[in-house]
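Work through the exercises below with the sequence and the model side by side. Try each task before you read its solution.

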Amino acid sequence: MKFRATTSAVLAAALTLTAAACGGGGSAQPSGDGKSFEFWSFTGINQKQSVEEYKKINPSMQVKLTEVGGSTETAQALTTALAGGKVPDLVLIQGDDLPKFVQQPQNFQDLRQYGADKIKGDYLDWVISQSTAKSGEIIGIPTDVGGMAVAYRTDLFKQAGLPTDREEVSKLWPTWDAFIETGKKYTAATGKAFVDNAATSVFYQAVNQGPQKYYDPSGNVVYATSPQVKTAFDLALKAAQAGITAKQSSFEDGWSAAMGKGDYAVISAPSWLLGQIRDNAPATKGKWDIARIPGGAGNWGGSYLAIPKGAANPKAAWDYISKMQSPQSQLAHFLNSGSLPTTPSVYQDPKLLSEKDPFFSDAPIGKIYTDSLLGLKPFLIGPDSAAIGQEFLNAITNVEQGKGDPAKAWDTALANIKTAIGK
């Protein structure tokens with residue numbers, strides 16, 4: 001669902017948990033009782049609420065939920081568990097981490113045996129295809145997607161002499177160049193930063209808006225030659241050099257604190273990030289609104305539920321998937337928590353279209369975010385997408401922080417990517 005930097009403390013905790021689970025050193029998976037299952041998820045998405053909703057439907061089922069750490073830590077813990085032979089029954093995998101697991105479908109239950117092939121049409125085709133192996137196995141069912149928009153502070157816009165109505169604000173930035181120019185006007189009027197940072201709020205949004213990102217449709221690595229990637233990178237450098245960013249790296253403590261203090265007025269907000277704004281800046285309720293993303297469409301994020309091959313209780317795990325990821329269940333989860341459905345059959349549901357968020361000035365979040373998906377030209381996510389993206393983010397952040405030469409940033413990023421992934 002979201003980008004998080006790996007920390008040694010959280011990773012150590014994840015690996016300790018995995019080591020404890022693997023106590024037999026690769027011993028055979030014990031048979032399950034069918035009345036319980038072990039579920040590994042990542043933090044920050046309120047997975048506990050989903051489990052509680054499920055237990056209302058199936059009160060006799062016992063669910064052992066472990067929030068391992070960030071999405072990256074959870075994927076790393078799963079990799080260790082697969083090697084050790086003792087795995088959870090169900091695991092949540094973030095979209096950028098999924099491809100490397102899809103390359104090893106023998107490590108997972110083929111969900112077609114439980115009927116996944118009969119329900120795959122319920123999901124956006126470009127989303128379900130990401131969890132389908134070349135040999136046909138379906139190893140994951142999508143839980144959400146990350147339609148994109150821009151969250152902005154209406155009170156701070158008013159102080160800067162900018163419009164505050166979401167439609168008028170959307171017209172300020174039909175393109176990313178116009179977004180940067182708006183930022184210059186805001187900063188000139190207020191002396192304050194316009195946007196949190198250039199890496200995730202510009203690059204990571206713009207790069208997720210076109211048909212070819214780091215891989216071409218055939219699975220070849222093209223990060224060095226993709227016009228979409230170079231354009232997004234150059235836009236981020238332009239924003240960093242324009243002096244409109246708060247230089248606050250996403251998801252760090254300073255970023256969270258600055259959000260509440262109004263140290264920046266704008267943040268690019270995929271649907272799953274709205275919860276973080278509410279949690280980090282509760283006193284700003286009613287001061288935010290949501291406008292369209294420059295370019296109008298895009299997706300950042302999304303996750304999948306998978307059942308490892310050695311799961312002791314695969315049928316119980318599948319029962320959770322089938323009940324909690326149906327179109328109507330995904331709609332209910334959106335209404336409760338804001339996770340954007342992957343099931344297009346509900347995109348015209350009056351409940352979704354009428355959903356408004358009072359924290360964000362009653363913005364019609366259902367319509368705004370589904371509109372951003374309907375205009376999307378999907379791109380392939382590859383096994384090294386996360387590592388590639390991280391090096392681009394690092395290079396942009398170094399320039400923004402005054403530690404990197406903007407003239408050399410692109411070549412530096414390419415060199416570091418080649419070192420990281422070997423190609």
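**Exercise 1.** Which residues does Met259 touch, not counting residues up to four places away in sequence?

*Solution.* Before starting, note that this is a predicted model, in which local features need pLDDT of at least 70 and side-chain atom pairs count only at pLDDT 80 or more, while totals for chains, interfaces and linings use all residues. Residues are numbered from 1 along each chain as its sequence is written, and side-chain values use heavy atoms, with hydrogens and water left out.

Step one is to place Met259, which sits in helix H12 (residues 253-261); helices (H or I, at least four residues) and strands (E, at least two) are DSSP runs, numbered from the N terminus. Step two is to list its contacts, where contact means heavy atoms within 4.5 Å: Met259 touches Arg153, Tyr264, Ile267, Gln276, Ile277, Asn280, Ala281 and Trp288. Step three is to take one of these partners, Asn280, which is 21 residues from Met259 in sequence and 7.0 Å from it in space, C-alpha to C-alpha. Finally, Met259 counts as buried because its relative accessibility is 0%, and buried means under 20% relative accessible area, exposed over 50% and partly exposed in between (1.4 Å probe, protein chains only).

**Exercise 2.** Find the order of the five strands in the open sheet, and say which strands are its edges.

*Solution.* Two strands pair if DSSP finds at least two bridges between them. Reading across the sheet gives the order E2-E1-E3-E9-E4, with mixed pairing. The edge strands are E2 (62-67) and E4 (141-147), since each pairs on one side only. From one strand to the next, the twist averages 15 degrees.

Inside this sheet, strand E1 (residues 36-41) and strand E3 (residues 90-94) are parallel and share two bridges, and Phe39 has Leu90 as its bridge partner in E3. Helix H3 (residues 71-84) lies across E1 and E3 and runs at about 130 degrees to E3; here axes are lines fitted to C-alpha atoms, for helices over the stretch in contact, and angles run from 0 to 180 degrees between N-to-C directions.

**Exercise 3.** Is Asp144 buried or exposed, and which side chain does its own side chain join in a polar contact?

*Solution.* Asp144 belongs to strand E4, and it is buried because its relative accessible area is 2%. A polar contact is a pair of N or O atoms within 3.5 Å; within protein, one must be able to donate a hydrogen and the other to accept it, and residues adjacent in sequence count only if both atoms are side-chain atoms. The side chains of Asp144 and Thr143 make such a contact at 2.7 Å. In addition, a polar atom of the Asp144 side chain lies 3.3 Å from the backbone nitrogen of Ser303.

**Exercise 4.** What span should the 15 residues of helix H9 have at 1.5 Å a residue?

*Solution.* The expected span of a helix is 1.5 Å times one less than its number of residues. For H9 (residues 176-190) this gives 21 Å, and the end C-alpha atoms are 21 Å apart, so the two values agree. The buried residues of H9 include Trp176, Phe179 and Tyr186. After the helix comes Gly191, with a positive phi near 75 degrees.
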